[in-house]
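Me: I have a structure open here and would like to talk it through with you. Could we go over it one question at a time?

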Amino acid sequence: MSDDASAAVAELLYREGLLLDRQDWDGWLALYLEDAEFWVPAWTTEHTTTTDPARQVSLIYHDSRFGLEERVMRIRTRKSVTAMPLPRT
């Protein structure tokens, strides 16, 4: 990966974390296209993560932005017990 690409990725990750910490849910959702796939794999061992969200457990998996929008709605309406209190990024 080039230095420019690495810097762009780092900036995007920083911006995403900042939007989440500020609870700017609309700004955070704007980072994702409608067909975005959002996946946080689970750990199978201390050093290995899962590799297939269709066949293995995941910490979070949404196959489109709609899943993220639902997650934000649950946070805004306080219907997400897993996000109370909200963690910092």
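Me: Leaving aside neighbours within four places in sequence, which residues is Leu 19 in contact with?

Reply: Happy to start there, with the reminder that this is a predicted model. Leu 19 is one of the buried residues of H1, and it also belongs to the largest nonpolar core. Once neighbours within four places in sequence are set aside, the residues in contact with Leu 19 are Asp 24, Gly 27, Trp 28 and Leu 31.

Me: Stepping back for a moment, what pattern does the protein follow along the sequence?

Reply: There are 3 helices and 2 strands in the protein. Helix H1 covers residues 3-21, while helix H2 (25-29) and strand E1 (38-41) are among the elements that cover its buried residues. Helix H3 spans residues 65-76. Read along the sequence, the pattern is α-α-β-β-α.

Me: How far does H1 reach from its first C-alpha to its last?

Reply: H1 has 19 residues, and at 1.5 Å a residue the expected reach is 27 Å. The modelled helix comes close to that expectation, with a first-to-last C-alpha distance of 27 Å.

Me: Why do the buried residues of H1 lie on the same side of the helix?

Reply: The buried residues in H1 are Glu 16, Gly 17 and Leu 19. They lie on the same side of H1 because the arc they cover around the axis is only 165°. On the other side, Asp 3, Asp 4 and Tyr 14 are exposed. What covers the buried residues includes helix H2 and strand E1, and the arc that places them together is 165°.

Me: Glu 16 catches my eye. Which side chain of opposite charge is nearest to Glu 16?

Reply: Glu 16 is found in helix H1 and is buried, yet it has no salt bridge. Not counting residues up to four places away in sequence, Glu 16 touches Trp 28, Leu 31, Tyr 32 and Phe 38. The nearest side chain of opposite charge is 9.5 Å away, and it belongs to Arg 15.

Me: And just after H1, which residue takes a positive phi?

Reply: The place to look is the loop between H1 and H2. The residue there has a phi near 55°, a positive value in a residue other than glycine. With a relative accessible area of 44%, it is partly exposed. The residue is Gln 23.

Me: How many residues make up the largest nonpolar core?

Reply: Among its members are Leu 19, Trp 25, Trp 28, Leu 29, Leu 68, Val 72 and Ile 75. H2 and H3 each supply at least two residues of this core. Tyr 32, Ala 36 and Phe 38 are also included, and the whole set comes to 10 residues.

Me: Moving on to charged pairs, which residue meets Glu 34 in a salt bridge?

Reply: Glu 34 sits in the loop between H2 and E1, and the pair links distant parts of the chain, with its partner 31 residues apart in helix H3. Glu 34 is exposed, at a relative accessible area of 56%, whereas the partner is buried, at 17%. The N to O distance is 3.9 Å, and the partner is Arg 65.

Me: Which residues do salt bridges with shared partners join into one network?

Reply: Arg 65 also forms a salt bridge with Glu 69, the closest N and O atoms being 2.8 Å apart. These two are 4 residues apart in helix H3, so about one helical turn separates them. Glu 69 is partly exposed, with a relative accessible area of 26%. Through shared partners, the network joins Glu 34, Arg 65 and Glu 69.

Me: Is Arg 55 buried or exposed?

Reply: The side chain of Arg 55 meets that of Asp 52 in a salt bridge, at 3.5 Å from N to O. Asp 52 counts as partly exposed at 24% relative accessibility. Arg 55 has a relative accessible area of 73%, and because the cut-off for exposed is over 50%, Arg 55 is exposed.

Me: One last point about the whole chain: what percentage of its residues count as buried?

Reply: The cut-off for buried is under 20% relative accessible area. The protein has 89 residues, and the percentage that count as buried is 24%.

Note on methods. Residues are numbered from 1 along each chain as its sequence is written. This is a predicted model: local features need pLDDT of at least 70, side-chain atom pairs count only at pLDDT 80 or more; totals for chains, interfaces and linings use all residues. Side-chain values use heavy atoms; hydrogens and water are left out. The expected span of a helix is 1.5 Å times one less than its number of residues. Buried means under 20% relative accessible area, exposed over 50%, partly exposed in between (1.4 Å probe, protein chains only). The arc is that of the directions from the helix axis to the C-beta atoms. Contact means heavy atoms within 4.5 Å. A salt bridge is a side-chain nitrogen of Lys or Arg within 4 Å of a carboxyl oxygen of Asp or Glu. Lys and Arg count as positive and Asp and Glu as negative; His and the chain ends are not counted. A nonpolar core is a set of buried Ala, Val, Leu, Ile, Met, Phe, Trp, Tyr and Cys residues joined through side-chain atoms within 4.5 Å.
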